[in-house]
Amino acid sequence: MRLHLSPEDRAFRDEMRTFFSTAVPQSIRDAVAAHRELTKEQFIEAQRALNAAGLAVPHWPVEWGGRDWTPLQRHIWREEMQLAGVPEPLAFNTSMIGPVIATFGSQEQKERFLPATANLDIWWCQGFSEPDAGSDLASLRTTAVRDGDDWVVNGQKTWTTLGQHADWIFCLVRTDPTAEKRQRGISLLLFPMDTPGVTLRPIELLDGGFEVNEVFFEDVRVPAENLVGEENHGWDYAKFLLGNERVGIARIGSTKRMLIEAKEHARGITVNGAPLSEDPYMTARIAELENELLALELTALRVVANSAGGRPHPASSVLKLRGSELQQAATELLVDIAGPLSVASFADEDSDVPEWAQVATPSYLNYRKVSIYGGSNEVQRTIIAGSILGL
Amino acid sequence: MEFSYDDEQNGLREAVSALLSRAYGDSEQRRRVVGTDPGFDEKTWGQLAEMGLLGLPFAEADGGMGAGPVEVSIVAEEIGRVLAPEPFVEAVVLAGGLVADLGTDAQRAEVLGALAEGTLLPAFAHTEIGSRWQASAQSVTATEDGGSWRLTGVKEPVPNGARADLLVVSALVGGATRLFLVPGDAEGLTRTGYRNHDGTRSAKVTFAGTPAQPLGEGTGDQAPAIEKAQARARVAYGHEALGAMETALTTTAEYLKARKQFGVPLNKFQALTFRAADMYVSLELARSTVMWATLVVDADGDVVAAADRARLQTSRASRHIGKEAIQLHGGIGVTAEYKVGHYTSRLTAIDHLLGDGDWALARLAGSVGEHQTVDALQ
């Protein structure tokens, strides 16, 4: 039991802080801080800056660019990155398909995909959810039927985040519809988004943005060599991938940044002759959020320290559950601080409503997603009740 | 930053747990003990002393074990886990802590040595009707006449005030708060003990020109020292609450599996299991914060602020878990015959000893503009 960071970890934190606040262009960090939608080019530029410094995929195997850091160092890396407003390396590449290929892929797949995935030369999207397979992912119906040296894919995926930018998709498909257990008949295929028969339809979200898509497959031919691991074992890889997704999903650094922002804005607003930042109810609300965020960060530190053998600690569900709630609470706080200005979401350049107040509500509405994606909070409660409490 | 216990600390936990589960493993044992004065078991208190636990945080030169706040936290947690009514936090961490911080060499040796041996029970007589968790005395006064001091006024409720062998009393001297030692058999001292809702005991303690010995030397205000000792006690209470919350949760989870209604065990109802999952979330978040606060005490950081943070988190968690534990049990949770309600009662008492969650929040809110972020890593 020890409070302080070791001198090595302290130096590591300083190193990360300096890197993130200097090596990634200010314009990109400003866009993140202002809750603006990033362009594809901005994502790519940021990730390549990280990758050039060996900071894009520290959790990968060392031979593919990993850094063999301690869990605490990974936590510091992630939090400092978020605190500095640096866009995180694309999760579909670095947290999802990258580790799956590194663990289960063939040597040929590793050589072909991993360096390009780390450098965002290939932009991956996730073909998991379907209209009738959300939290119940194993009920997915997209099929792949073997025909000579190809798999022929038919069906539909949805909620495909940033699919409009994607070069490739990693896609769960049903390869054995007769399997006794439906989880056993699923495989994981990789294919380019410009393969004939793939069409994409963007879905507009509440905030006016286009973040997710529907993807349709009509007789899409995928070479057999693009199957990951073993046929009909895709569910194992999906579970491995989702476990990785849950780590780091608490986004503590990002929520911290929103609270800093909220305090700044509250100082600039006057209510009955006094700054909103001195209103007793407002200060109590912020103080309570800060305390809950501290509790979450400490829990994250406790959990990363106890994650053995690459498997997430059971309490990582707490991180997802509470992390999403606090992200949402911070966006809600910003809306409330913006107050009457919070309705002017799409004001034009002539408007006097500050940008932060314009984006507050769209951002709050958009953030309803965080308690839904990555395993909805209800799924996390099911995990806690089942695997931790034995209920 | 490191959150795991070493072998010696794990060994301490096992030893304390073994002793206390012999004494209170069956909740009927506790019911019997708190049914009669002094509200705890003198024999168990003696066994805690034999294990060295009552002198745990004190210097070896004062008769203690020279251990740190982490060891103290382990004992407090095990106390809470079985709801042992022995006043460990009250006597060792708070009253003893004040003597250890402020006492002269002679006072420390005399009081802490005897406390460690289990032959002297000190109690901190500080709360007054109308006071609300502040560090200063409100109306009890101390006056000096020819080098001897006398106290006048009323302290209430004083935890273990009737049973205590020695009272550590806060009193006003001019505008300053000073501490005094008053033996239980002092002249002009009247003590009326009674039972608290959680089975522990408090007392009304009246001083009528009662002779008293100043604790320590000097004439300065001792309120800041009281604040710090109370902060350490808040953190230790946090661990007692963690132990109690964990038992309340595991007891509830067991009950959900065992109890049948509508022909199925209650854990078939997602409406109930989700609520149990939320209790777990509250518990783990509180655990992280309280453990961190103990590390702040250990590193002699900003103990008062850390204790407020732990208190806020624990208060919210203990209310949530305490109330849900009863609700998920149903009617049996409200009975005195079943154990779970007693956990809620004790958690409620801890919450209101030394300041509740809203009180801590008000203090934290007062300084929220003074920092940009709260740094967990130091």
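**Pockets, helix pairs and odd backbones**

Modeller: The second largest pocket has a volume of about 710 Å³. Its lining runs to 41 residues, and those closest to the centre are Pro157(B), Pro159(B), Ser202(B), His352(B) and Leu353(B). Elements of chain B that give two or more residues to that lining are helix H5 (88-102), strand E1 (122-125), strand E3 (148-159), strand E7 (201-214), helix H7 (223-258) and helix H10 (340-352). Before we go on: this is a predicted model, where local features need pLDDT of at least 70 and side-chain atom pairs count only at pLDDT 80 or more, while totals for chains, interfaces and linings use all residues. Residues are numbered from 1 along each chain as its sequence is written, chains are lettered from A and ligands numbered from 1 in the order written, and side-chain values use heavy atoms, with hydrogens and water left out.

Biologist: What makes something a pocket and not a cavity?

Modeller: Whether the probe can escape. We use a 1 Å grid over the protein atoms alone: a cavity is a set of points where a 1.4 Å probe fits but cannot get out, whereas a pocket is an open set with protein on both sides within 12 Å along at least five of seven lines, and a lining residue has an atom within 4 Å of a point. Points are joined across faces, edges and corners, and the volume is the space filled by probe spheres set on them.

Biologist: Which element gives the most to the pocket lining?

Modeller: H10(B), with four residues. Helices (H or I, at least four residues) and strands (E, at least two) are DSSP runs, numbered from the N terminus.

Biologist: And how does the pocket lining divide by residue type?

Modeller: Into 19 nonpolar, 13 polar and nine charged. Nonpolar takes in Ala, Val, Leu, Ile, Met, Phe, Trp, Tyr, Cys and Pro; charged means Asp, Glu, Lys and Arg; the others, Gly among them, are polar.

Biologist: Now the closed spaces. How many cavities of 30 Å³ or more are there?

Modeller: Five, by that rule. The largest has a volume of about 100 Å³. Residues of both chains line this largest cavity, including Arg13(A), Glu80(A), Asp375(B) and Leu377(B). Helix H1 (7-22) and helix H4 (71-83) of chain A are the elements that give two or more residues to the lining of the largest cavity, and H4(A) has the largest share, five residues. That lining divides into four nonpolar, one polar and seven charged.

Biologist: What about the second largest cavity, which residues line that?

Modeller: Among them are Lys256(A), Leu293(A), Glu297(A), Gln372(B) and Val374(B). The space in the second largest cavity is about 80 Å³.

Biologist: On to the helices. Why are H7(B) and helix H9 (303-329) of chain B called roughly parallel or antiparallel, whichever applies?

Modeller: Start with the geometry: H7(B) and H9(B) pack at an angle of about 25°, with axes 8 Å apart. That makes H7(B) roughly parallel to H9(B). Angles under 35 degrees count as roughly parallel, over 145 as roughly antiparallel, 65 to 115 as roughly perpendicular, and the rest as oblique. Axes are lines fitted to C-alpha atoms, for helices over the stretch in contact, and angles run from 0 to 180 degrees between N-to-C directions.

Biologist: By that rule, what do H9(B) and H10(B) count as?

Modeller: Their axes come within 9 Å and cross at roughly 160°, so H9(B) and H10(B) are roughly antiparallel. The crossing of H9(B) and H10(B) is left-handed. Left-handed means that the near helix is turned anticlockwise from the far one by less than a right angle; clockwise would be right-handed.

Biologist: How do you know whether Phe262(B) is buried or exposed?

Modeller: Check its relative accessible area: buried means under 20%, exposed over 50%, partly exposed in between (1.4 Å probe, protein chains only). Phe262(B) has 76%, so it counts as exposed. Phe262(B) also has a positive phi of about 55° although it is not a glycine.

Biologist: And what does Asn232(A) count as?

Modeller: Asn232(A) is at 17%, so it counts as buried. Its phi is near 70°, positive in a residue other than glycine. Val264(B), at 30%, counts as partly exposed.

Biologist: Last one: what kind of peptide bond joins Asp37(B) and Pro38(B)?

Modeller: A cis one, with omega about 5°. The bond from Glu156(B) to Pro157(B) is cis too, with omega near -5°. Pro157(B) sits in strand E3 of chain B.
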